[in-house]
Amino acid sequence: MSVTMEKLVSLCKRRGFIFPGSEIYGGLSGTWDWGPYGVELKNNVRDLWWRMMVRERADVFGLDAAILMNSRAWEASGHVAGFSDPLVECKKCKRRFRADQIGESCPECGGALGEARQFNMMFKTNIGASEDAASISYLRPETAGGIFVNFKNVVDALHPKLPFGIAQIGKAFRNEIAPRDFIFRVRELEQMEVEYFVRPSEWKKYFDEWKNVVYRYIDAVGIEKGSVHELDVPDGERAHYSKRTIDFEFDFPFGRKELYGLAYRTDFDLSAHAAASSVDLSYLDPETNEKIVPHVIEPSFGLDRTILALLASAYREDEMGGETRTYLKFNKAVAPVKAAVFPLLKNKPDLVAKARDVYSGLKRDIPQIAWDDNGNIGKRYRRQDEIGTPHCVTVDFQTLEDDTVTLRDRDSGQQERVSVDDLAGRIG
Ligand code: ATP
């Protein structure tokens, strides 16, 4: 079903997923803060990616490089000169826009627009106590850079055979001209990227392989596959380093926009860093004894956009018990809470004690179990449905007699009696 952004933003705030950044001070454009359920959701989505891209593969190695890097790295990679968007200013109201995102006149006041100029999106900062040119550094605008500068370190330490990849997840920063659409376009974002190093002649084969991996992840995380579309980015519109790029676009509530990118970066980065640093970044093929500069296939995933596409895919409204209810149809792997345990009544000490036992028993095996005794059972179900909790477990008077509980399924609302011993198997 299609959902509006208003509904998603409101649910995320109301249920503790995502809050506007610095809200009590009037906010800070392009930043969002992740609340208790948002953090769990984000961790699950990130962990699933790491498991599929790194842990389940023998040919991809993990990395966690510093966000701050020697500014020469960003000069060599072309970001200092070219990581920019076209900026226009309205002559009347002075508001600023991305020239490629608006028409001929100002969308706010109808005023005339000035000349477009290139605006570099890297956040500049100074390292140390002095503020001269030599102390300039940048917050990384993408995680890929840290991977290329560590290429030689990984090769020397692990001696991987081509083809192989290096993966990294982390924050990146872009001084976007017009942050918008909730967590779609933010200034502080998180990326999950693999640089996959291949023999130059084999790039097409691995480009196609990684395209399939992207779809496998989309499926596993729970993004609606029918809403994902490929766009082969034409000549002239690709990033400066790319010879072929596919954008995976998603039908967001505000339109079809880029979710992920898959780029063939050739040997652009390794060659540029080798030239600028005077360090040999070639690879000695142990089979042919040939020295080559590997070419690179880069699948690039935005974690924030993953969550937004996931929320839009999971959002449901239906009728239950004569009332409209909202729920998030998360799969077990990503749901921030796997099951919530309730005592039927919170003023009956023996029920509460038994429910606490069931809760602690489950929590030992499955950490993302919640305790909920707030309000009546109906309210608790509604709350857990909106959080996307697949199961609710209610401890009632019968539990005290036969050690069974009711297990409620989020999607159907159906309840069944299940023995406490079988609960972990059903939930986990
Ligand atoms: P766009 O054209 O939407 O600005 P981009 O082509 O600049 O995106 P890439 O440089 O390819 O994006 O970045 C890789 C991925 O990082 C994107 O596919 C997206 O998922 C994510 N991403 C990029 N910029 C942002 C942002 N400002 N906020 C949230 N995610 C982002």
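A residue is counted here as near the ligand if its C-beta atom, placed from the backbone, lies within 6 Å of it. In this predicted model, 15 residues surround the ligand, and the closest of them are Leu 189, Gly 261, Ser 300, Gly 302 and Arg 305. The chain is assigned two domains, domain 1 covering 5-70 + 127-312 and domain 2 covering 337-427. The points below take up the ligand shell, the domains, a helix packing, the strand pairings and a few backbone details.

**Shell around the ligand**

- Four elements each supply at least two residues of the shell, namely strand E11 (188-198), strand E14 (255-266), strand E17 (295-302) and helix H9 (303-314).
- Among these contributors, E14 gives the most to the shell around the ligand, with four residues.
- Sorted by residue class, the shell around the ligand holds seven charged residues, together with four polar and four nonpolar ones.

**Domains**

- Domain 1 is assigned in two segments, 5-70 and 127-312, whereas domain 2 is assigned as 337-427.
- Taken over C-alpha atoms, the centres of domain 1 and domain 2 are separated by 38 Å.

**Packing of H2 against H9**

- Helix H9, which also supplies at least two residues to the ligand shell, packs with helix H2 (residues 36-55) at an angle of about 110 degrees, and the two axes are 10 Å apart.
- Because angles of 65 to 115 degrees count as roughly perpendicular, H2 and H9 are therefore roughly perpendicular to each other.
- On the H2 side the meeting residues are Leu 41, Lys 42, Val 45 and Arg 46, while H9 brings Leu 303, Thr 306, Ile 307 and Leu 310.
- By class, this contact of H2 with H9 is made of five nonpolar residues, one polar residue and two charged residues.

**Strands E12, E13 and E14**

- Strand E12 (residues 228-232) pairs with strand E13 (residues 244-252) in the antiparallel sense over five bridges, and within this pairing His 229 has Glu 249 in E13 as its bridge partner.
- E13 also pairs with E14, again in the antiparallel sense and over nine bridges, with Arg 244 standing opposite Tyr 264 in E14.
- E13 and E14 form a hairpin that has two residues between the strands, and E14 is the strand that gives four residues to the shell around the ligand.

**Open sheet E4-E9-E8**

- An open sheet of three strands follows the order E4-E9-E8, and its pairing is antiparallel.
- Strand E4 (68-69) and strand E8 (124-126) stand at the edges with a single partner strand each, so one side of each is left without a neighbour in the sheet.
- E8 and strand E9 (residues 136-139) run antiparallel and are joined by three bridges, and in E9 the bridge partner of Lys 124 is Tyr 138.

**Open sheet E6-E5-E7**

- Another open sheet of three strands has the order E6-E5-E7, likewise with antiparallel pairing.
- The edges of this sheet are strand E6 (96-98) and strand E7 (117-120), each with a single partner strand, so one side of each has no neighbour in the sheet.
- From one strand to the next in this sheet, the twist averages 50 degrees.
- Strand E5 (residues 84-89) and E6 pair in the antiparallel sense over three bridges, and Val 88 stands opposite Phe 97 in E6.

**Hairpin E18-E19**

- Strand E18 (residues 315-320) and strand E19 (residues 323-328) run antiparallel and are joined by six bridges, with Thr 324 in E19 as the bridge partner of Glu 319.
- E18 and E19 form a hairpin with two residues between them, and Gly 321 in the turn has a positive phi of about 55 degrees.

**Backbone details in loops**

- Leu 162 and Pro 163 are joined by a cis peptide bond, for which omega is about -5 degrees, and Pro 163 is found in the loop between helix H6 (151-158) and strand E10 (164-173).
- Ser 22 has a phi near 50 degrees, which is a positive value in a residue other than glycine, and Ser 22 lies in the loop between strand E1 (18-20) and strand E2 (32-34).

Terms used
Residues numbered from 1 in each chain as written. Predicted model: local features only at pLDDT ≥ 70, side-chain atom pairs only at ≥ 80, totals over all residues. Nonpolar A, V, L, I, M, F, W, Y, C, P; charged D, E, K, R; others polar. Domains from an automatic or database assignment. Pairing = 2+ DSSP bridges. Axes fitted to C-alpha atoms, helices over the stretch in contact; angles between N-to-C directions. Parallel < 35°, antiparallel > 145°, perpendicular 65-115°, else oblique. Contact = placed C-beta atoms within 7 Å.
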